[in-house]
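Trainee: I would like a close look at a single part of this model. Please take one helix pair and go through its packing.

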Amino acid sequence: MIGRRQVLRYGVAAAAVAASGAALPALPARALASPSGGRTAAAPSSGGAAAASGEGAAAASGGAVTVLLDNVWRDGFQGLGVHFSPFEMTLTDAQWRRVDERLAFMRPSLLRVMITPAWYVTGLDASGRPVYDWDSDQMRRLYAMLDRAERLGARVVIGDWVPGIGKFDVPGDDPRYAAAVADLLDHLLDVRKYTCLSLYNFHNEPNLWFPEYGDFEPWKKTLENVQGELSRRGLLKRISVVGPDATEADDFLSKTADGVTGHDESWVVRTVDTSRSRVGAYDVHKYEYEYNVEYGDLENRLWWQRQYIDNGDTAAKPFLVTEAGIDKGLVSPDTQKMRYDFKYGVQMADYAVQVMRAGAQGVLAWDLDDAQHTGGEYGSKNLKGWGFWNSLGGQDGYPASDADLRPWYYTWSLLSRCFPRGSRVLAVPGTGVTGVRATAALLPGGHLSIAVVNDTDQAHKLSVNVPGITSSLVEYRYFANDRPADAQGFPKPKRHVTGPTFTADLPSRGVVILTTLGTRPVAVPKTTTFVDDLNDLSHVHAHSGGLTLDKANAARFSGDPSRLKRTGWAPGWIVYKRPDLASFVLTTYASGLLGKVTVQASQDGKTWTDVPLSSSPEYKVDADLGWKCHLLTPSAHLPAKTNYLRIQLADDPLVFTPQLARVQLTQRA
């Protein structure tokens, strides 16, 4: 692994001006039909100010967040899951029953199953084409895992550890390998009739292990072959290719796949830029530094990658973390000694919360059971010790307690149950407390779940306000001395609580989960969402003069190709006209110096009411010049019958900051 590049705060005005693209033509004003009534747009809002260098209104509230049920941030959450490849150890029937019981409680939405072509390719015929055995011992083990996925209702990410048919000298970029992949998927989908298969990945961690050690071009060629063959066979109607599956420091802060390779671009960036038409979803692996999880940097890194995918491809494609773990505790060659610790359960819960907050669609933990894989030098069987338990506990020299559930199963299973596939992740602002984070989602069936993590050793209380909720919520707690469980070790509720304001009591490092599952669903408002990426002003009802669209320097703004900014010192504003607006999310950028955005609401476009704002944490978007992003949301419901929304960029002396990149508006249906 390599260290992060130092993120420089912005301090030289000349450098900022050069980076801002300021010399662009100004847009002429498009006036409101009746601008005389109410406050003028030039007057800064006293109630709606949100400093772009802080955590907004939530910071001033002393540990409080408001969850608006009509403010959906991301649709299409795929859920939590776990690595689930066929076991290298042979289990007894009793051991398998225990595995099945624990999986059934967890209810994973996603499972990752990795194999190798050697399991089904037995040779090459006279013309050099693969010959198959679909009934080999290894394939029968694969079918057993997929049968379990079917029973669980989970979706499967299936793939190869390494592309190619190495046993017969067929490299990954050979078309015969692509044909073998298509034949495999055809057999699984059409002959075996599996419906659980969702995504296919042809290479595990290619930035570390591909020929020539991390070379992108051979991977890209293999992607073209595999995706092309699946397309020709008509298989992409039922399964998509996911990639790049890159690992470790594949993010904007360090920019290199590995310190040895010298590559200076993220594989996610390169996949978006060169191969977006070939993939149906994006994924990475992250064994994150403990520090980055505790201080929220993981959220920042994943958010940047999600934004780059949105800007360069589409927000409709899922972005997944298909191997998740914590770096601290890793002992060579591949065992996590902290898997027994209470703290690991908090950190992995924090990891999942940050995945959701970043806008990613799913996360899979590495891994289920110590007995799955060998090569980690744990015990007599050379196991990779990363699991929720060890099925070999009590035999082969492993202690009987190894078969018990480890603490992190408690939090991961709860989050998996409480945030299933199909959830709609809500926009939840920053808490204003370092190390304390929250997320929330509307679940299929009209239920609501909220998760709060305290990843510090200090005591905190977080007030969670959910306006309009009438249902009671079930509270689960995971703290060192407070984690109720049944006789099997499965989590039990602590109590029922009623709102609309809930207090998450966090006496120490730990997790609180509130959910309506098991009680009455919430009254979920019917809404529609409109998104303006501000590539032009065709969706804007009216705007002031002194504005321009900055279409330069996209790389400094997570690939965003167009952003609205001022051309002079005076404030500038835009107005949207949409009937019965309920909520919004604004994507804003500011330099290291202060920039302000204010919002007003109106029924008639004449009389305006200030809208108090809350903010996400500060997201770093440029490692050199110090640009930051904030997601701004209303701190409370918009006034009834809001039909107009005015967004104002305040009169900062540096005209290029702040910038408005995206406006997401939610309307009542």
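Mentor: Here is the packing of one helix pair.
The model is predicted, so local features need pLDDT of at least 70, side-chain atom pairs count only at pLDDT 80 or more, and totals for chains, interfaces and linings use all residues. Residues are numbered from 1 along each chain as its sequence is written, and side-chain values use heavy atoms, with hydrogens and water left out.
Two packed helices are described by the angle between their axes and the distance between the axes. The pair is helix 5, residues 175-191, and helix 8, residues 216-232. Helices here are DSSP runs (H or I, at least four residues), numbered from the N terminus. The two pack at an angle of about 40 degrees, with axes 9 Å apart. That makes helix 5 oblique to helix 8. Oblique is what remains after roughly parallel (under 35 degrees), roughly antiparallel (over 145) and roughly perpendicular (65 to 115). Axes are lines fitted to C-alpha atoms over the stretch in contact, and angles run from 0 to 180 degrees between N-to-C directions.
Helix 5 passes helix 8 in a right-handed crossing: the near helix is turned clockwise from the far one by less than a right angle.
Now the contact (heavy atoms within 4.5 Å). Helix 5 brings Pro 175, Tyr 177, Ala 178, Ala 179, Val 181, Ala 182 and Leu 185. Helix 8 answers with Thr 222, Asn 225, Val 226, Glu 229 and Leu 230. By class, this contact has nine nonpolar, two polar and one charged residues. Nonpolar covers Ala, Val, Leu, Ile, Met, Phe, Trp, Tyr, Cys and Pro; charged covers Asp, Glu, Lys and Arg; the others, Gly among them, are polar.
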